[in-house]
Amino acid sequence: MNTAIRLIAHQLRRASRTRDPNEMFNDGMTFGERLADRVASVGGSWSFIIGFTAFLVGWALLNTLVLAANAFDPFPFIFLNLVLSMVAALQAPVIMMSQNRQAAKDRLEVRLDYETNLRAEAQITQLGEEIAILQEQIRFLVAAETRRMAANGLDAEDVDDLAPLGHPIHA
C-alpha cells in the first residue's frame with residue numbers, strides 16, 4: 001500500500017503543485033463560454049430581476065394608461081408574451097451551458113484536491129517511516145551508551161552528576 005501511494009505521489013509531484021482550477025478553466029475559454037457565464041451571472045442577479053420587473057411594469061403602464069386607445073400591444077400583451085418566450089427560450093440553454101461549465105470546473109477542483117490529498121498522505125507516510133527509523137536509531141544509541149557506561153563502571157546516578165558538564169545522554 002505504501003509503495004502504491006509513493007508511486008502515485010511521485011507521478012503527481014511532476015505536475016505543478018499550485019494549480020488553480022479557475023485559472024485553468026478561464027485560460028481556455030472561448031467567446032461563447034465567456035458570454036454564457038456573463039449571461040448566467042446577469043440573469044441570475046437581483047439587479048436583473050428588479051430591472052426586468054420595472055420593464056414589465058413600464059410596458060404594461062405604457063400600453064394601458066399612457067397610450068390607451070393607441071397602444072401598440074393592448075391588454076392581453078400578446079407581443080410582450082412573445083418577447084418573454086423568446087428571452088426564456090434563449091436564456092435557459094445559455095444558463096445551462098454555464099452551469100455545465102461550472103460543474104466541469106467543480107470536477108476538476110475535486111480531482112486536484114484529491115491529488116493534493118494523495119501527495120499529503122504520501123508525505124505523511126514517509127515522515128512516519130523516517131520518525132520510526134530515527135526512534136530506532138535513538139534506541140540503539142541509548143543502548144550503546146548504556147553499555148559504554150556500564151563498561152566504564154558508571155550508573156544512572158553518575159550520569160546525573162555529569163549532566164552539568166555537558167554529557168550528551170541524560171537519563
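Author: A crossing of two helices is right-handed if the near helix is turned clockwise from the far one by less than a right angle, and left-handed if it is turned anticlockwise. In this predicted model, α4 passes α5 in a right-handed crossing.

Reader: What makes α4 and α5 roughly antiparallel rather than roughly parallel?

Author: Two packed helices are described by the angle between their axes and the distance between the axes. Helix α4 spans residues 46–66 and helix α5 residues 78–151; their axes lie 11 Å apart, at an angle of about 160°. Angles over 145 degrees count as roughly antiparallel, and α4 and α5 are therefore roughly antiparallel to each other.

Reader: Which residues of α4 and α5 meet, and how many of the residues in this contact are nonpolar, polar or charged?

Author: From α4 come Phe 48, Phe 52, Phe 55, Leu 56 and Trp 59, and they meet Phe 79, Leu 80, Leu 84 and Gln 91 of α5. By class, eight residues of this contact are nonpolar, one is polar and none is charged. Gln is not listed among the nonpolar or the charged types, so it counts as polar.

Reader: How many aromatic pairs are there, and what makes the pair of Phe 48 and Phe 52 stacked?

Author: The count comes to six aromatic pairs. For Phe 48 and Phe 52, the ring centres are 5.4 Å apart and the planes differ by 15°. Ring centres must lie within 6.5 Å to pair, and planes under 30 degrees apart count as stacked; the pair of Phe 48 and Phe 52 is accordingly stacked. Both residues belong to helix α4, four residues apart, about one turn of the helix. Phe 48 and Phe 52 also belong to one aromatic cluster with Phe 55, Trp 59, Phe 72 and Phe 79.

Reader: Are Phe 48 and Phe 52 buried, partly exposed or exposed, and why?

Author: Buried means under 20% relative accessible area and exposed means over 50%, with partly exposed in between. Phe 48 has 25% relative accessibility, so it counts as partly exposed. Phe 52, at 22%, therefore also counts as partly exposed.

Reader: How do you know whether Ser 98 is buried or exposed?

Author: Ser 98 is in helix α5. Its relative accessibility is 11%, and the cut-off for buried is under 20%; Ser 98 therefore counts as buried. Beyond its neighbours within four places in sequence, Ser 98 is in contact with Ala 36, Asp 37 and Ala 40.

Reader: What is the make-up of the chain in helices and strands, and what share of its residues is buried?

Author: The chain has six helices and zero strands. Buried residues make up 17% of its 171 residues.

Terms used. Residues numbered from 1 in each chain as written. Predicted model: local features only at pLDDT ≥ 70, side-chain atom pairs only at ≥ 80, totals over all residues. Heavy atoms only, no water. Axes fitted to C-alpha atoms, helices over the stretch in contact; angles between N-to-C directions. Helix = DSSP H or I, 4+ residues; strand = E, 2+ residues; numbered from the N terminus. Parallel < 35°, antiparallel > 145°, perpendicular 65-115°, else oblique. Contact = heavy atoms within 4.5 Å. Buried < 20%, exposed > 50% of the residue type's maximum accessible area, 1.4 Å probe, protein only. Phe/Tyr/Trp six-rings, centres within 6.5 Å; stacked < 30°, edge-to-face > 60°.
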